[in-house]
Amino acid sequence: MPRLTHEEILLWLRETEPTALEQLFARADAVRHAFVGDAVHLRGLIEISSYCVRQCHYCGLRMARSIPRYRMAREEILACARTAVRLGFGTVVLQAGEDYGIEAAWLADVLRAIKEETPLAITLSLGERMPHELRLWREAGADRYLLRFETSDPALYAAIHPRRGAAVSDRIALLGELRSMGYEIGGGVMVGIPGQTYEMLAHDIELFEQLDLDMIGIGPFLAHPDTPLGVPGVPTAGAEQVPSSEWMTLKAVALARLACPEANLPSTTALATINSVDGREHGLQSGANVFMPILTPAPYRQMYQIYPGRTCNEEDAIRCNACLRGRIGRLGRTVGEGPGGRSARRGEADPLPCDAGHAADAAAVKR
Ligand code: 5AD
């Protein structure tokens with residue numbers, strides 16, 4: 001039995017009454033508290049390359065754009081990892097476009113160096129790489145892999161992800177392979193992709209639960225003017241079009257928490273971009289328990305514009321960390337210590353029951 005039915009999810013996604021929605025957010029917040037506690041885990045994001053072979057219709061790094069590109073050197077990556085340790089983070093996330101200039105053996109060596117020198121958990125977010133490469137990285141010490149499937153609707157997925165030659169793109173199958181290699185796996189979607197309907201988004205949330213994701217990233221779609229989905233007049237789903245608003249994103253985050261109580265759920269950079277004042281806080285109060293501060297060196301950040309306005313104004317990692325810790329403290333939350341993976345939480349004290357239904361679900365959760 002799924003925790004939420006399709007109809008329930010749809011009703012919530014269509015709900016616009018603020019008082020009703022506050023109840024949804026409060027319920028998600030209570031489930032978050034009961035299952036993953038009050039700690040907010042910080043994952044230092046290192047954007048190691050802006051090269052990409054893909055042509056995704058929404059992304060500012062798509063290959064067709066002739067923009068300055070960079071690929072970080074081993075020592076630069078290690079320096080960022082050391083910064084993560086100094087700032088008290090338990091995890092680094094190495095993210096890039098799908099860049100085959102990142103050679104598998106080279107990266108494996110970097111991963112081993114991070115593991116030898118630091119206690120950090122390592123998450124990779126490097127696109128749809130070959131199984132033998134993913135296996136090599138796992139053996140070299142990578143713990144988790146993020147691969148958002150963006151939408152569970154095959155037609156919408158195909159429309160915005162041009163194929164690369166004859167290669168078939170099946171991210172859901174790849175997530176299954178990653179899990180069988182021993183990675184913790186993360187998926188996720190953008191909210192408000194032109195052409196995305198409420199039905200599709202409801203199905204995305206059901207799929208999070210079916211895949212039993214360890215991590216779920218959800219952010220609003222933000223139009224990039226130099227991409228096919230960012231130009232005026234892009235076809236939408238009309239009355240059924242999901243808006244790419246902060247509220248719609250928060251609804252999806254809250255429903256993801258109810259569907260996947262144990263998952264690690266970031267309050268995403270895109271959410272902080274759509275509402276730079278308190279979008280991060282709203283995410284953390286609607287079910288999220290993770291934040292991913294950017295550690296990429298300043299000169300490279302300007303070149304990693306997946307969507308406009310992405311870089312936080314605070315480029316100094318120490319000041320950014322102080323600001324974040326202040327924000328987390330003001331919410332009455334603590335900063336997580338250690339790697340903060342889902343599997344590491346297993347075996348810890350039983351979660352506090354927040355309501356009978358979810359307490360029963362907690363007992364039933366198996367992997
Ligand atoms: N708006 C919002 N999110 C985007 N991403 C890529 N382009 C955009 C955009 N224009 C997200 C995708 C990807 C993640 C790294 O960034 O979901 O998986």
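I count Ala, Val, Leu, Ile, Met, Phe, Trp, Tyr, Cys and Pro as nonpolar, Asp, Glu, Lys and Arg as charged, and the others, Gly among them, as polar. With that split, the shell around the ligand comes to 8 nonpolar residues, 1 polar and 2 charged. I am working on a predicted model.

**Entry: the ligand shell**

I listed the residues that surround the ligand. They are Tyr58, Cys59, Gln95, Arg148, Glu150, Met190, Pro220, Phe221, Leu222, Ile306 and Tyr307. By my classes, Arg148 and Glu150 are the charged members. Gln95 is the polar one.

**Entry: polar atoms at the ligand**

I looked up the distances next. Which residue places a polar side-chain atom 2.5 Å from an oxygen atom of the ligand? I found Glu150 there. Two backbones also come up. A nitrogen atom of the ligand is 2.9 Å from a polar backbone atom of Tyr58. For Leu222, I read 2.7 Å between a backbone N or O atom and a nitrogen atom of the ligand.

I then checked the cover. The ligand taken alone exposes 400 Å². The protein buries 87% of that area.

I also asked where the ligand sits. The space it takes is the largest cavity.

**Entry: Glu262**

I moved on to Glu262. I located this residue in the loop between helix H9 (246-259) and helix H10 (269-274). Is Glu262 buried or exposed? Its relative accessibility is 19%, so it counts as buried. The cut-off is under 20%. I then looked for a partner. The side chain of Glu262 makes a polar contact of 2.9 Å with the side chain of Arg342.

**Entry: Ala79**

I placed Ala79 in helix H3, residues 74-86. I noted a relative accessibility of 34%, and therefore Ala79 counts as partly exposed. I also took one long distance. The C-alpha atoms of Ala79 and His132 are separated by 28 Å. Along the chain these two residues are 53 residues apart.

**Entry: Val231**

I found Val231 in the loop between strand S6 (215-220) and H9. Why does Val231 count as partly exposed? I put it there because its relative accessible area is 39%, and the partly exposed class runs between 20% and 50%. I took a C-alpha distance here too. Val231 and Glu7 are 224 residues apart along the chain, and their C-alpha atoms are separated by 33 Å.

Key:
Residues numbered from 1 in each chain as written. Predicted model: local features only at pLDDT ≥ 70, side-chain atom pairs only at ≥ 80, totals over all residues. Heavy atoms only, no water. Near = heavy atom within 4 Å. Polar contact = N/O pair within 3.5 Å; in protein donor to acceptor, adjacent residues only side chain to side chain. Areas by Shrake-Rupley, 256 points an atom, 1.4 Å probe, with all protein chains shown as cover. 1 Å grid on protein atoms, 1.4 Å probe; cavity = no way out; pocket = protein on both sides within 12 Å on 5 of 7 lines; lining within 4 Å. Sits in = over half its atoms within 2 Å of the grid points. Helix = DSSP H or I, 4+ residues; strand = E, 2+ residues; numbered from the N terminus. Buried < 20%, exposed > 50% of the residue type's maximum accessible area, 1.4 Å probe, protein only.
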